[in-house]
Amino acid sequence: MLKSSYTVAAMVSEENEKMIEVETEKQGKYIVYFDPLDGSSNIDCLVSIGSIFAIGKKDCDGSPSEKDCLRTGRNIVAAGYALYGSATMVVLSTGKGVNGFTLDPSIGEFVLTHKDMQCNPNGKKIYSLNEGYAQYFDPAVTEFLEKKKFPKDGSAPYSARYVGSMVSDVHRTLMYGGIFMYPANVKSPKGKLRLLYECIPMAYVIKQAGGLATTGEKDILDVEPKSIHDRCPIFLGSKRDVEEIIELYGKHKSN
């Protein structure tokens, strides 16, 4: 469908090692980046999965090369995700906020059900990450988790919620607030999530909803990809929590 739309020049997919080029006579002015089935390892146990996408403008003359696909998130004009769970939902931003559309099976159409979605800057006290790698975390992440699990001010600790499907975990973070984390660690110094079709689209959506997204040291939308499957650490969600992780990275970097 994308190849025959006359609007797309090239595509970058998690499932393809190389860029997918559209036939020259059908090329348009956009490049589409997507993870067609995020969380696919969870299919057999019936956990919610999804699809992630971003759309950027081609800025070269003629047919694009893989190098032309290596653009930062500042080049994105639209991004979103589809969630396949208890309902089927598409969350979309075209640069003017975020809206959610839910499939109504009775009419076969997606209906606007969540208008102007916002990531609460002081949302629920929830953190989401795979703590199985805790022994490899950066000191900033370790300190953040320690503060959230064992608060010294007498407040209630944060709750841990982790599905292992990025779409599910980010959608919950968008709806309820809190922070989603997939940090770099000693074994994976660049993290594990892919920059172009996982981190950038989700960062774009969360930021359009009023949240923040960072590597800990840099805005996700400013990270320059070195290859189409480049990886990147990510922290995204409520401003309260993401600003704190940025502060901790700054503290530990200066020590």
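This is a short talk on the cysteines and the salt bridges of one predicted model.

Let me begin with the cysteines. A disulfide is a covalent bond between the sulfur atoms of two cysteines, and in this predicted model the count of such bonds comes to zero. Take Cys 60, which takes part in no disulfide, the nearest cysteine sulfur being that of Cys 69 at a distance of 8.4 Å. Cys 60 is also buried, and its relative accessible area is 15%.

What about Cys 199, and why is its sulfur not bonded to the one in Cys 232? The closest cysteine sulfur to that of Cys 199 does belong to Cys 232, but the two are 4.9 Å apart, which is too far for a bond, because the pair would have to lie within 2.5 Å to be counted as a disulfide. Cys 199, for its part, is buried, with a relative accessible area of 0%.

Now to the charged side chains. Side chains of opposite charge can pair when their charged atoms come close, and the structure holds 11 salt bridges. I will go through a few of them rather than the whole set.

Which residues does Glu 244 pair with? One partner is Lys 147, with the closest N and O atoms 3.1 Å apart. Here Glu 244 sits in helix H4, which covers residues 239–254, while Lys 147 sits in helix H1, residues 139–149, so this salt bridge ties together parts of the chain that are 97 residues apart in sequence. Another partner of Glu 244 is Lys 148, for which the closest N and O atoms are 2.7 Å apart. This second pair likewise links distant parts of the chain, with Glu 244 in helix H4 and Lys 148 in helix H1, 96 residues apart.

As for the surroundings of these three side chains, Glu 244 is buried at a relative accessible area of 15%, and Lys 148 counts as buried too, at 10% relative accessibility, whereas Lys 147 is partly exposed, with a relative accessible area of 39%.

A further salt bridge joins the side chains of Asp 241 and Arg 240, at 3.0 Å from N to O. Is each of these two residues buried or partly exposed? Asp 241 counts as buried, at 0% relative accessibility, while Arg 240 counts as partly exposed, at 23%.

Finally, I would point you to a group rather than a pair: Arg 74, Lys 207, Asp 219 and Asp 222 are linked with one another in a network of salt bridges.

How values were computed. Residues are numbered from 1 along each chain as its sequence is written. This is a predicted model: local features need pLDDT of at least 70, side-chain atom pairs count only at pLDDT 80 or more; totals for chains, interfaces and linings use all residues. Side-chain values use heavy atoms; hydrogens and water are left out. Buried means under 20% relative accessible area, exposed over 50%, partly exposed in between (1.4 Å probe, protein chains only). A salt bridge is a side-chain nitrogen of Lys or Arg within 4 Å of a carboxyl oxygen of Asp or Glu. Helices (H or I, at least four residues) and strands (E, at least two) are DSSP runs, numbered from the N terminus.
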